[in-house]
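Open the model in your viewer and keep the selection box ready. We will go from open space to enclosed space, and then to the packed interior.

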Amino acid sequence: MPHEGEPWLAARSAIQRLARGTRLAALGVRSSRTADIARIARATGHQAIWIDLEHSTMPIDTAASICAVALDIGLASFVRVPEREYGVIGRLLDGGVLGIIAPRVESVEEAQDIVSACRFPPLGHRSAVATLAQVNFRRLPTEEFNRAMNEATVVMILIESPRGIQNVEAIAALPGVDLVGIGTNDLTAEMGLAGQFRHPEVRKAHESAIFACRRAQKPLAIGGIGDVAYVVELIRLGAAPFMFTGIDADLLVGAARDRVGDVLAALKA
């Protein structure tokens, strides 16, 4: 039977941390193409990485390779898949990915399609495979293996539209959904309030989702907000302390810009 400390349960342990109100820091990966980014994440105090296949040209095998290293070093790994591309989910999970983030889900039916792609029967329709790296390629009885992989795999449903907000409680209550997220950038754009994450109507959407997920007893992570103080407000209101610290490309640009400024300032001194 699985134990909480096993590396292949890192994503499941991450959800348990969030449910207890324990902070979880996740580094976003969009531009990196080697497994060093997973090691950098661990070395800088992150407990998770999330790879963005929705907004990058990264191939599946590269994402899987990065997540395989994350698995070996005990990091929770999540991949945001392109919208409605259910076929890629099984390939990522077979490659060592522990968590799937499904963007722009608006209904229970759409959420069920994601769950079905992520779970082996009887919880879903994930295609059978004999063994995987997650269990050190051991050959387990099929029922035991499927049960273990269903336990290891985390399904995160991302809400990014007013319709999704309306259905968030029913989506959160769906068996097989482990975590709900809000992509605030896209949500504000869909509301005609692009970038206005402090707008009263956006705040109302955040609050209604927090309370709905609380009733469904599922953690709610709110992303897409650059103002850390506002993120903390939402966490104190009941959002999960899932801290998205930044995307690798954005962090590199910021550090490079600061370094250039420092060098030029030194030359003027």
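Start with the largest pocket, whose lining has 14 nonpolar, ten polar and seven charged residues. Keep in mind that this model is predicted.

**Stop 1: the largest pocket**

Select Trp50, Gly223, Gly224, Ile225 and Phe244. Of the 31 residues that line the largest pocket, these lie nearest its centre. The pocket holds about 690 Å³ of space. Several elements give two or more residues to its lining: strand S5 (154–159), strand S6 (179–183), helix H9 (184–190), strand S7 (220–223), H11 and strand S8 (242–247). Colour them one by one. Which element gives the most to this lining? Strand S8 does, with six residues.

**Stop 2: the largest cavity**

Now look for enclosed space. The structure has two cavities of 30 Å³ or more. The largest has about 50 Å³ of space. To find it, select Ile222, Ile225, Val231, Leu234, Ile235, Ala239, Ala240 and Phe242, which line it. Ile225 should be familiar: it is also among the residues nearest the centre of the largest pocket. Next, highlight helix H11 (residues 228–237). Helix H11 supplies three residues, the largest share of this cavity's lining. How does the lining divide by class? Eight residues are nonpolar, none is polar and none is charged.

**Stop 3: the second largest cavity**

Clear the selection. Pick Val81, Pro82, Glu83, Arg84, Glu85 and Tyr86, then add Ala102, Pro103, Val105 and Ile114. Together they line the second largest cavity. Its volume is about 40 Å³. Here the lining has seven nonpolar residues, no polar ones and three charged ones. Show Glu83, Arg84 and Glu85 as sticks; they belong to this lining.

**Stop 4: the largest nonpolar core**

In soluble globular proteins, nonpolar side chains tend to be buried together. Select Ile51, Ile89, Leu92 and Ile157. They have the most contacts inside the largest nonpolar core, a set of 56 residues. Add helix H10 (residues 200–216), which gives the most to this core, with six residues.

Zoom in on Leu92. What does Leu92 touch beyond its neighbours within four places in sequence? Its contacts there are Leu53, Ile60, Ala63, Val79, Val81, Val97 and Ile100. Val81 is a link back to the previous stop, as it also lines the second largest cavity.

**Stop 5: a second core**

Finish with Ala10, Leu18, Ile101 and Ala240. They are included in a second, separate core of 31 residues. Ala240 was selected earlier too, in the lining of the largest cavity.

Definitions and conventions: Residues are numbered from 1 along each chain as its sequence is written. This is a predicted model: local features need pLDDT of at least 70, side-chain atom pairs count only at pLDDT 80 or more; totals for chains, interfaces and linings use all residues. Side-chain values use heavy atoms; hydrogens and water are left out. On a 1 Å grid over the protein atoms alone, a cavity is a set of points where a 1.4 Å probe fits but cannot get out, and a pocket is an open set with protein on both sides within 12 Å along at least five of seven lines; lining residues have an atom within 4 Å of a point. Grid points are joined across faces, edges and corners, and a volume is the space filled by probe spheres set on the points. Helices (H or I, at least four residues) and strands (E, at least two) are DSSP runs, numbered from the N terminus. Ala, Val, Leu, Ile, Met, Phe, Trp, Tyr, Cys and Pro count as nonpolar, Asp, Glu, Lys and Arg as charged, and the others, Gly among them, as polar. A nonpolar core is a set of buried Ala, Val, Leu, Ile, Met, Phe, Trp, Tyr and Cys residues joined through side-chain atoms within 4.5 Å. Buried means under 20% relative accessible area, exposed over 50%, partly exposed in between (1.4 Å probe, protein chains only). Contact means heavy atoms within 4.5 Å.
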